[in-house]
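Student: I would like a close look at one part of this model, with the surroundings needed to place it. Please keep to what the coordinates support.

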Amino acid sequence: MKKIILILIVASVLMMTFAGCGERDYTTVRLSEVTRSVFYAPQYVALNLGFFEEEGIKIDLTNGQGADKVMTAVLSGQADIGFSGPEAAIYVYNEGKEDYAVVFAQLTKRDGSFLVGRKPEPDFKWENLKGKTIIGGRKGGVPEMTLEYVLKKNSLLPGVDVFIDTSVQFALMAGAFTGGQGDYVTLFEPVASTVEKEGKGYIIASIGEESGEIPYTAYYASKSYIEKNRDIIQKFTNAIYRGQKWVDAHTPEEIAEVIKPSFPDSDTETLVTVAKRYKDTDAWSKDPILNEESLDLLQKVMGMAGELKKEAPYEKIVTTEFAKKAIENFEK
């Protein structure tokens, strides 16, 4: 409790400090995130503890509600930086677009969704899904493709042994499930825990634990934006890395207190439970570097899902320059 109080005091001091520095010029960065989830806790820590402001950046955050929509916002100039699964950057590069998106920082390294069923299954086995329907998200998105990967790992063939319903929009999946559609659904947090708390479903398994490490969500911008705004990209990455380091060094209770302003509809108890769940599954990257081996695994998953005809070159769609510099800056 003492630690939590100390953190709140520090946060208040930071906010008052920034409020008293109105004369400082900030650069506004339009960030489109794929959805709002505790899965992205390091980002909200960076926002709520003022790490971006300390870098001279103010974030204009919008919810894209899907990786395809986030990428559209980036390519159309409606957003400066996109935050979603890096599969979006692979698709765009393979389409032959000249000003394609380049990934410059990774935030999470596992699937952050959980399998939710209609009844408790303490002795759950993946074979229990035979003949069942899972609401799995948009076809071609990382959540749906990772689900397919996990099913195949457990000798379940999608479309034959189990049916994945890809007709429901990402933001409407929980509502469709609680409304009676499907036997199971994959949900991110805090939605999964909220559904469980309301007695409308039960968390059965972690997709991320079963899938292993994969570059699940990352930050990207158009090649031209990065070339023209290298300083902004560096400052943004610095703040994200500080958020990652902070989350890694603090307890679920401390994380919940700091991110709570980003989740006004969630109670602290739920946020603590969710933060602990993601900590226990080692979902958050310790640094923003997206390694080539990780991208190779992602493209393997995409290929197995039938969504990738050719692999995109790592050196084209990923840059580690800013992530490495952020680590250097932090350690100085």
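Student: In which loop is Pro190 found?

Tutor: Pro190 sits in the loop between strand 8 and helix 8 (191–197). Helices here are DSSP runs of H or I with at least four residues, strands are runs of E with at least two, and both are numbered from the N terminus. The model is predicted: local features need pLDDT of at least 70, side-chain atom pairs count only at pLDDT 80 or more, and totals for chains, interfaces and linings use all residues. Residues are numbered from 1 along each chain as its sequence is written, and side-chain values use heavy atoms, with hydrogens and water left out.

The peptide bond leading from Glu189 into Pro190 is cis, and its omega is near 10°. On the other side of this loop, strand 8 covers residues 184–187 and runs parallel to strand 6 (residues 133–135), to which two bridges join it. One such pairing has Val185 of strand 8 as the bridge partner of Ile135. Two strands count as paired if DSSP finds at least two bridges between them.

Strand 8 belongs to an open sheet of five strands in the order 7-6-8-5-9, and the pairing is mixed. At the edges stand strand 7 (163–165) and strand 9 (202–206); each has a single partner strand, so one side of each lacks a neighbour in the sheet. Neighbouring strands are turned against each other by 30° on average, direction ignored.

Helix 6 (residues 142–153) packs on this sheet and touches strand 6, strand 7 and strand 8. Contact means heavy atoms within 4.5 Å. The direction of helix 6 makes about 170° with that of strand 7; axes are lines fitted to C-alpha atoms, for helices over the stretch in contact, and angles run from 0 to 180 degrees between N-to-C directions.

The loop between helix 6 and strand 7 contains Ser155. Its phi is near 60°, a positive value in a residue other than glycine. Ser155 counts as exposed because its relative accessibility is 62%; exposed means over 50% relative accessible area, buried under 20%, and partly exposed in between (1.4 Å probe, protein chains only). Another non-glycine residue with positive phi is Asp282, at about 55°. Asp282 lies in the loop between helix 13 (268–280) and helix 14 (292–304) and is partly exposed, with a relative accessible area of 26%.

As for the cores, the largest nonpolar core has 90 residues, and Ile81, Phe104, Tyr219, Phe236 and Tyr278 have the most contacts inside it. Helix 11 gives the most to this core, with seven residues. A second, separate core has 15 residues, among them Leu115, Leu129, Leu147 and Val162. A nonpolar core is a set of buried Ala, Val, Leu, Ile, Met, Phe, Trp, Tyr and Cys residues joined through side-chain atoms within 4.5 Å.

Elsewhere, helix 16 (residues 321–331) has Phe322, Ala323, Ala326 and Ile327 as its buried residues. Seen down the helix axis, these fall within an arc of 140°, so they line one face of helix 16; the arc is that of the directions from the helix axis to the C-beta atoms. They pack against strand 4 (101–108), helix 10 (223–228) and helix 11 (230–249).
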